[in-house]
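This report covers strand pairing and the surroundings of a bound ligand in one model. The structure comes first.

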Amino acid sequence: MTQSYDVVDLIRTKRDGGTLSSAQISWLIGAYTEGTVADEQMSALAMAILLRGMSRAETAQWTTAMINSGERMDFSALTRSDGRRRLTADKHSTGGVGDKITLPLAPLVASFCVPVPQLSGRGLGHTGGTLDKLESIPGWRAALSNQEILHQLDTVGAVICAAGSGLAPADKKLYALRDVTGTVESIPLIASSIMSKKIAEGTDALVLDVKVGTGAFMRTDDDAAELARTMVALGTDAGVRTTALLTEMNTPLGLTSGNAVEVEESMEVLAGGGPADVVELTVELAREMLAGVGITDVDPVENLRNGKAMDTWRAMIAAQGGDPDAPLPKPQHEHTITAEDSGTLARLDAYGVGIAAWRLGAGRARKEDPVQAAAGVRLHAKPGDTVTAGQPLITLCTDDQSRLPRAQEALSGAVEVIDGAVVENAGLIKARVAAEDL
Ligand code: URA
């Protein structure tokens, strides 16, 4: 019989900077999932963890306990014609503005015959959700059974779908609680939340895109690097080949932020075009995913140019009921903001743009809220570009005109035009973390 504990003792231990044992953590996560530990007790503990931290051993045990709260997926049935297992590769982003990379990346990697099981979420707050974006494609469906996922991985190679409710249910409950108690921004809690889902999903290789900047959870390079190292360690210890890229998120990725507008931009990338930053990150993450399953002698750029990635995208959308040729929804109202001065665009703040897209209807404030497929933001210039007073800078798109003023408000102070040239920054990809760096 497993021992039970007094949860108040565990809260006091963390409050006073102590360490919880493996047995205490397993009991706690199990008791919280089944409802024996109350939300207010878990809130107090989450706050104590946010303030005091957790050791590497505690974080690993916390992650294991959350994995054990639900089912584990198994892709070992995916085999090649010679009977050998096909290794799967996945990517997870910690969330940013205009971050549509999963859309071109999953079919691109699958076009090299690597199965990509991309179990994704919906948007909450100012960062968008992959499923919300794909749902702007007429007919496309996010919910697949485990059997459908396996079949699609075998036939098409790429699946982007909703994570089932059986995967790490402890995290679902805890994440919702953290969201309303100001306890999201804890590195051990974020790392264990993300990695419990990814390890339970059963991927062989995993690449983490850890965002850093105004539009991300992590605002400083040091915090982002610590989160990356914590997640790479958890993945490596669980037998998943895990690497992380630290990438810049002070300005939105690409020229769109929202739902249908991001699908449209992703299709431009799959057609061999698209904004340079979206292409660069898609290609670099593809290289990491392919290397994770032992493929280092191919250039991902090739399959963007020769149409193979686009063919896989079309097959992936069609397999989930979507029509890859259907026109995407257009907004009922548009409003364009123009440059007040001539000069160089020095700053276009990711957080402001993310909030604007959210307020236009692209995101939701509560889990159960609907989103508008056509809502979002189109950018007409990026930092470093020369702009002339009066030229279009940002177009706001929505089906509900009354949302425009609040979206415009979110952008006040988000744009800065200066006289001189902008100082070059360090680039989109700031660092890489692998198991050997730990
Ligand atoms: N994404 C997650 O899945 N969990 C977190 O805690 C933060 C971001």
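## Sheets and ligand shell

Strand β1 pairs with strand β4 (residues 205–212) in the parallel sense over five bridges; two strands pair if DSSP finds at least two bridges between them, and strands (E, at least two residues) and helices (H or I, at least four) are DSSP runs numbered from the N terminus. The model is predicted: local features need pLDDT of at least 70 and side-chain atom pairs count only at pLDDT 80 or more, while totals for chains, interfaces and linings use all residues. Residues are numbered from 1 along each chain as its sequence is written, and side-chain values use heavy atoms, with hydrogens and water left out.

Within the β1 and β4 pairing, K91 stands opposite V207 in β4. These strands belong to an open sheet of four strands with the order β1-β4-β5-β13 and mixed pairing. Because β1 (89–93) and β13 (429–434) stand at the edges with a single partner strand each, one side of each is left without a neighbour in the sheet. On average, neighbouring strands of this sheet are turned by 20 degrees against each other, direction ignored. Helix α9 packs on the sheet and touches β1, β4 and β5 (241–248), contact meaning heavy atoms within 4.5 Å. The direction of α9 makes about 165 degrees with that of β1; axes are lines fitted to C-alpha atoms, for helices over the stretch in contact, and angles run from 0 to 180 degrees between N-to-C directions.

A further open sheet has three strands in the order β10-β8-β12, with antiparallel pairing. Here β10 (386–387) and β12 (415–418) are the edge strands, each with a single partner strand, so one side of each has no neighbour in the sheet. Strand β8 (residues 343–348) pairs with β10 over two bridges in the antiparallel sense, and T344 stands opposite T386 in β10.

Around the ligand are Y175, R178, I190, S193, I194, K197 and F217, where near means a heavy atom within 4 Å. The polar contacts (pairs of N or O atoms within 3.5 Å) are tabulated by side chain.

| Side chain | Ligand atom | Distance |
|---|---|---|
| R178 | oxygen | 2.9 Å |
| S193 | nitrogen | 2.6 Å |
| K197 | oxygen | 2.5 Å |

The protein covers 91% of the 240 Å² of accessible area that the ligand has on its own (Shrake-Rupley method, 1.4 Å probe). Elements giving two or more residues to the shell are α8 (169–179) and α9 (187–201); the largest share, four residues, comes from α9.

Definitions and conventions. Polar contact = N/O pair within 3.5 Å; in protein donor to acceptor, adjacent residues only side chain to side chain.
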